[in-house]
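Biologist: I would like to learn how to read a fold from its contacts and its sheet. Could you take me through one?

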Amino acid sequence: MCATCGCADDGGARVVDLDHPHPQSPSHSHSPGHRHDHPGDHRDGPGTTTVTLTLEERVLAKNDLLAAENRGWLAGRDLQALNIMSSPGSGKTTLLERTARELADRIPIVVIEGDQETTFDAERIKATGVPVVQINTGSGCHLDASMVAQALRILDPGSGVVMIENVGNLVCPALFDLGETSRIVIMSVTEGADKPLKYPHIFRSADLILLNKVDLLPYVDFDLARFDHDVELVNAGARVLTLSATRGDGLDDWYTWLSGELLP
Amino acid sequence: VHEFAIAESVIDTITAKTGDATIREVRLEVGRLCGVQAEALRFCFELAVQGTAMDGARLDIDEPPGLASCQSCGLEFEVRDLILLCACGSARVEVLSGEQLRILSVEMAA
């Protein structure tokens with residue numbers, strides 16, 4: 001919520017730099033037309049004539065414009081940005097921790113963590129030695145382009161890859177472009193093979209789908225063939241990699257994909 | 001729910017064009033495949049407009065159906081969700097319509 005007026009314009013997002021742990025004051029940018037006077041009832045009486053104003057404008061045009069600005073800023077620095085989305089608990093942070101530990105000496109990596117509250121994930125990433133900022137969205141259920149812009153300004157990365165861990169949610173993040181170069185959806189075998197059909201928007205938007213926790217396949221009822229079939233229905237031809245971020249299965253394929261993204 | 005953020009985005013976008021003018025009606029196009037629930041958006045809009053120039057405005061939502069075309073056999077057909085499968089069995093299906101999320105027009109007090 002906006003500290004100035006109490007409006008919920010940015011859903012109460014705070015950006016926390018762990019090295020300077022006072023939350024950045026809301027560099028809360030209202031669109032030019034956003035008014036702070038919040039007038040009371042100013043409707044005219046019934047029967048007043050009206051004028052039609054045709055807008056034909058996309059609802060998310062503002063976010064999409066900010067995302068395009070992020071994309072240009074990233075391209076100017078030769079940076080790749082990955083928007084990593086999944087349900088809570090699918091292993092996003094564990095994969096990022098391991099990737100940071102095993103790849104950061106070869107590829108410059110910075111991380112943006114998104115959660116409603118706490119800096120738990122940013123602390124875990126910080127322990128790997130990789131620069132990180134935490135975005136706390138408060139009541140918000142997804143990251144948006146303006147939050148990512150703030151985090152990028154704090155991180156100020158030079159080159160390499162920006163890993164953006166979105167808020168754990170298979171619904172809302174699908175709609176909001178952050179300016180990323182690729183969208184990755186992670187799901188774990190413990191969630192059940194039916195998720196691509198239950199949450200088709202997010203799976204459809206993915207450039208890469210990572211199936212995590214495959215070390216647990218012997219213990220859970222997860223139908224791999226059904227998963228592959230259902231992914232094909234919502235995102236025909238999507239790249240799917242299977243891995244275990246804890247045991248290490250499939251990580252070479254993930255690193256190969258990542259390196260390929262960084263090639264000019 | 002992202003519908004609240006969508007409602008705020010609708011209000012911001014309109015206000016940027018109309019300033020303080022009183023808005024009586026907002027017409028939106030919310031395609032059936034766009035990932036936004038019209039009813040949830042309606043609920044959130046009513047909350048989000050409180051204290052703005054759109055307070056009390058009527059919300060008219062047009063919900064165009066999903067249309068898709070099969071890349072394998074060329075059939076065009078209506079789709080109700082993003083599980084895209086042609087009757088011919090192919091999943092190589094392109095969405096033609098239904099993903100729109102637009103503000104069409106507003107009625108301003110003259």
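Modeller: Gladly, and keep in mind that this is a predicted model. A good start is how far apart in sequence the contacting residues are. In chain A, residues 24 or more positions apart account for 72% of the contacts with a separation of 6 or more.

Biologist: Thanks! How many helices and strands does chain A have?

Modeller: There are eight helices and nine strands in chain A.

Biologist: And what is the strand order in the open sheet?

Modeller: Read across the sheet rather than along the chain. Eight strands of chain A form this open sheet in the order 1-5-4-6-3-7-8-9, and their pairing is mixed. Strand 1 (14–17) and strand 9 (239–242) of chain A are at the edges; each has a single partner strand, so one of its sides lacks a neighbour in the sheet. On average, neighbouring strands here are turned by 20° against each other, ignoring direction.

Biologist: In which sense do strand 4 and strand 6 of chain A pair?

Modeller: Strand 4 (residues 109–115) and strand 6 (residues 160–165) of chain A run in the parallel sense, with five bridges between them. To find this pairing in the view, look for Ile112(A), which stands opposite Ile164(A) of strand 6.

Biologist: Which helix lies across these strands?

Modeller: That is helix 4 (residues 145–155) of chain A, which lies across strand 1, strand 4, strand 5 (132–136) and strand 6. Its direction is at about 155° to strand 5 of chain A.

Biologist: Lastly, what share of chain A counts as buried?

Modeller: Of its 264 residues, 52% do. As for the accessible surface of chain A, it comes to about 11500 Å², with 51% belonging to carbon and sulfur atoms.

Note on methods: Residues numbered from 1 in each chain as written. Chains lettered and ligands numbered in written order. Predicted model: local features only at pLDDT ≥ 70, side-chain atom pairs only at ≥ 80, totals over all residues. Heavy atoms only, no water. Pairing = 2+ DSSP bridges. Helix = DSSP H or I, 4+ residues; strand = E, 2+ residues; numbered from the N terminus. Axes fitted to C-alpha atoms, helices over the stretch in contact; angles between N-to-C directions. Contact = heavy atoms within 4.5 Å. Buried < 20%, exposed > 50% of the residue type's maximum accessible area, 1.4 Å probe, protein only. Areas by Shrake-Rupley, 256 points an atom, 1.4 Å probe, with all protein chains shown as cover.
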